[in-house]
Amino acid sequence: MSSEHITLTAGDAEVDVLPGNGGRVGGLRVGGTELLRQGERFGCFPMVPWCGRIRDGRFLDGARVRQMPLNAPPHAIHGTARDGAWKVARVADGEAVITYDLVEPWPYPGRVTHVVALTPDSLSLTMSVETYEDSFPAQIGWHPWFNRNLGGEGAEDVRLDFTPAWQEERGDDHLPTGNRIEPLPGPWDDCFGMPDGVDVTLTWPGQLELKVSSREEWVVVYDEQEAAVCVEPQTGPPNGLNTLPRLVTPLEPLEATTVWSWRRL
């Protein structure tokens, strides 16, 4: 099993972990049916050390302005770790642990650890960011591309069900304005607040129900593309390095978990 491709199996579930391609989950099959959109940019990639867009690629660290590359002009998007090669720390029964050392263009040294754990009816993803030197603001999130349609005769498109407390109002620049509004109908490229924890159910009628949960209270839902829908639990809203920074310190890493659990219909 190469360090570029790890496959974990539990019951009739299989998950592919691709350390060399941004530490992403490359595929998740249940009973042989692929749930994630295939392709080197898809699957489910870790968003770290930030999620979504940073306005103009700039954030404040104390009095210092930090500039990130504008990979989604005029903004910077989805962190740096998805562009790097991760290292394999260990692979055990149903579990893979991979790590990524934060490097330029991110200005602070630190390490990200991603634990991927599979059971016959769930996938658990846990990420942590730690530093041994300077404290810095960071975010953690996941960006899965779930197939809108799982195929098969008469297969229906996925249905999304969730009850957010609010929606972050989105400005023309695609960033939250700071106002919280009543949730609007889709299609969405929007951030929602779920203060009791992320809880989103995807149902492929007659095939599978999958629940995305997390103790975090932010989720971005993106369903503007035909092939896939994205349900992205994260530790803060887009532009959160500026508006709601979470500090990683030598004493306190930042850690988050999302669990996907499923059942056949």
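Contact here means heavy atoms within 4.5 Å. The model is predicted, so local features need pLDDT of at least 70 and side-chain atom pairs count only at pLDDT 80 or more, whereas totals for chains, interfaces and linings use all residues. Residues are numbered from 1 along each chain as its sequence is written, and side-chain values use heavy atoms, with hydrogens and water left out.

**Exercise 1.** Place threonine 113 in its strand, and decide whether this residue is buried or exposed.

*Solution.* Begin with the strand, a DSSP run of E with at least two residues, numbered from the N terminus: threonine 113 belongs to β12, residues 110-119. Next, take its relative accessible area, which is 16%; buried means under 20%, exposed over 50% and partly exposed in between, with a 1.4 Å probe and protein chains only, so threonine 113 is buried. Finally, with neighbours within four places in sequence left aside, the residues in contact with threonine 113 include Val97, Ile98, Thr126 and Met127.

**Exercise 2.** Work out which strands stand at the edges of the open sheet.

*Solution.* Write down the order of the eight strands, β10-β11-β12-β13-β26-β22-β21-β17, whose pairing is antiparallel; two strands pair if DSSP finds at least two bridges between them. The edges are held by β10 (87-92) and β17 (159-161), and because each has a single partner strand, one side of each is left without a neighbour in the sheet.

**Exercise 3.** Describe how β21 pairs with β22.

*Solution.* Strand β21, residues 198-204, is joined to β22, residues 208-214, in the antiparallel sense over seven bridges. Within this pairing, valine 198 has serine 214 of β22 as its bridge partner.

Notes: Helices (H or I, at least four residues) and strands (E, at least two) are DSSP runs, numbered from the N terminus.
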